[in-house]
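I opened my notebook to jot down what I could look up here. Short entries, one topic at a time.

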Amino acid sequence: MAAGVAAWLPFARAAAIGWMPVASAPMPTPPRDKRRTQDGLIILNVSGTKFQTWRNTLERYPDTLLGSTERDFFFHEESNEYFFDRDPDIFRHILNFYRTGKLHYPRHECISAYDEELAFFGIIPEIIGDCCYEEYKDRRRENAERIQDDEDNENNNDLVSPDMTLRQSMWRAFENPHTSTMALVFYYVTGFFIAVSVMANVVETVPCGSSPNRVKDISCGERYALAFFCLDTACVMIFTVEYLLRLLAAPSRYKFVKSVMSIIDVVAIMPYYIGLVMTDNEDVSGAFVTLRVFRVFRIFKFSRHSAGLRILGYTLKSCASELGFLLFSLTMAIIIFATVMFYAEKGSTASKFTSIPAAFWYTIVTMTTLGYGDMVPKTIVGKIFGSICSLSGVLVIALPVPVIVSNFSRIYHQSQRAEKRRAQKKTRLARIRAAKIGGASAYLQYKRNGLLGDTLDEASKEAGQALVTKNSATFENQHHHLLHCLEKTTNHEFVDEQTYESSCMEVSLTNQARSRSSSVSSSQHGLSSCCSRRNKRKSFHVPNSTTGAERHGSIQELSTIQIQERPLSNSRASLNAKLDELNCEQPFITAAIISMPTPPVTTPEGDESSSSADYLQSNIVRVSAL
Amino acid sequence: MQGLQMVAVVLVLCASLKLLHLLGLIQFTEDSIDDEQEQYTIRHRPEALEQLEAQTRFTKKELQTLYRGFKNECPSGVVNEETFKGIYSQFFPQGDASRYAHFLFNAFDTDHNGSVNFEDFALGLSILLRGSVQEKLNWAFNLYDINKDGYITKDEMLDIMRAIYSMMGRCTYPVLKDDTPRQHVEIFFQKMDKNKDGVVTIDEFIDCCQKDENIMRSMQLFENVI
């Protein structure tokens, strides 16, 4: 029941008095009103913007957040209002829904933000009013397509499971030529042979000079018949092999055989085989010649190589109804005008309009504004109708064309956007990963600085400076403690990438790195021991762990800038001692993306050299000046 | 042959004239091409709150609540019969409430101008909810008396009864028979029509109702609706 109508229920109940005198049975007792609350104003504070409405307005829809007791969870006693930490601009529309019973969708809002707000307030999007529903659905579909596109691409590109069967890897090579060099080579080779085959078909028919015993020129195809035949055979061989390989590798052979590309492939190579079979019989050679026409379909094989062609095909498919309409209206107009022209020109002598079908040709040529001039009307009436015909032809053709064009434009831009997004995605993902690893290495840094447990005493000593930073970093501390608990649970420890890689490397090179591996393993498992060792050093500042986390950030992953790191042969202990002093002096760098080589790179060697420490310091200084 | 040719020429001429008229190039009469109907919106502003308070037996707050609900559903300030039927039908989804809504509308539309404004609405509700038993019975009589001549005939009652029963819809238990309304009307007339003259006057009606305990009790049922 609509909300506004609920306000008329008292009226309907009152009007029921009209039934009383004619009632056949006594009336039931009315329900007791549970609380006769006076209708009061409710203040809704949404991120600082205050909205006010009657309580009854909100309670029109008792199955939403605002209409039910769920809103009590958001009641803020101090200010006697309901506080929501959400977007006030979108909330305006949600509140209007309660007021007017109609939910509208603002066109300038992001569709997913809007959906989230609706979900939060417990309103189903299906009740969006008719005025905005179409737009909402369109935007939603567009968004879903975009996400689907991204997912598809991701799945396609990242499917690098090492244990793919040969068949799967072949199929992947066929579908995405950029994945491996072999696939790329295959791709270009087939492209080249398609081009060669098409060129051969074309050149075959060019007149090539005359032979002595014939009057007119013979075509190149007849002159160099053997050469062309060999070329054709080679191309067909390649195409057949390619088709069979694709058929073999396809995950669903039935689906592959039904697909358009496979049909094109088959049609491209069939004429050759049919020609092989029936070269001897003279009667069917006529048909054989016709079959050669089908060889031109090889050019469609290029659509695998060109995205633009595919888009065109897709557009035509999606505009099928418009094309159908165009065709139908043209046919109607042609028949009408052909009939009229025929009867108009019937009187004139030596008229070319011998029958209505003959007049079709004139009508088509005129309506498409070609105007060959091989058939022209001679009577005045014929000329009048001829001009009407050409004028209307322009109209009839111009009408469906913009629809097709806009469809093509939409699809084309969509694919352009997809390409751009794919290109940007790499950089975006790299940056996001860098930020994430920044967080992870914060923990490692935290551990190395030995801020576990015992250092709390030292922290209190540095009360003045440290306390401020500690309060602001309680979240960090708690997070680090949590990670530490996980380490203790699993009896494994978090390490950074380089350590991991180097340990992997060393595990494989057992012979050479035996000493190193032992030291590595000891150093790895000895992280805690190192830390505990460092715990005893009292000369520590409590570094600003937040700054430490951010500055000793990730190894940069952006492919554009690569900073080569020297294998640093410092022990962590001395390194960190110097770094901690550095922390307090260096200016605060906030951007986590700024590349800095993770200074405490665990090195297999246990050498200490202060010179490298200096180098490291200077290294840091240099990078931070960027 | 000449005659047929003449006919053909005349035909073609008429067809082309019609085409030109269609294209808007020539006009036959003086009326303008665009005959958009001007819609002038009816708007009604009710009397001041104090006046209404004096006329009806509602308090200021009750009137405020009433008006807010009224205005929300009918922003122009008046209800026409179609809107009225639509609103009332929403409360009875199983059956067809349009007949009864029609009678109700006529009962509320005291000045019979085809629209119910807020004063009519408030006055009617005031009688129904805050009026004396006499006034309520008066109102009910007015509802049943379709042509407002002071007498309820059997046909009028049958109309009303059919309208009430049609609100029930099809799916009832026990199954509604076609002559159930007629039977009900007979019972009503037996009870109310004291002098058996085939019509019920207002005095007969009020007399009879005041003697019936059930009816008296049910009149008090909806006191606390607002």
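**Chain A, and where it meets chain B**

I started with contacts in chain A (heavy atoms within 4.5 Å): of those between residues at least 6 apart in sequence, 68% join residues at least 24 apart.

Ground rules next. This is a predicted model, where local features need pLDDT of at least 70 and side-chain atom pairs count only at pLDDT 80 or more, while totals for chains, interfaces and linings use all residues. Residues are numbered from 1 along each chain as its sequence is written, chains are lettered from A and ligands numbered from 1 in the order written, and side-chain values use heavy atoms, leaving out hydrogens and water.

Then I checked pLDDT, the predictor's confidence in each residue, from 0 to 100. Chain A averages 74, and 71% of its residues score at least 70. Over residues 463-472 of chain A I found pLDDT below 50, and residues 517-626 of chain A are below 50 too. Note to self: where pLDDT is low, the predicted coordinates should not be read in detail.

On to the interface. I see 32 residues of chain A in contact with 45 of chain B. The two chains bury about 3300 Å² between them (accessible area, 1.4 Å probe, that two parts lose on being put together, summed over both). Carbon and sulfur atoms hold 71% of that.

Which three residues supply the most of chain A's buried area here? I got A:Trp8, A:Phe11 and A:Ile17, with 23%.

I looked for salt bridges (a side-chain nitrogen of Lys or Arg within 4 Å of a carboxyl oxygen of Asp or Glu) across this interface, and the rule finds 0.
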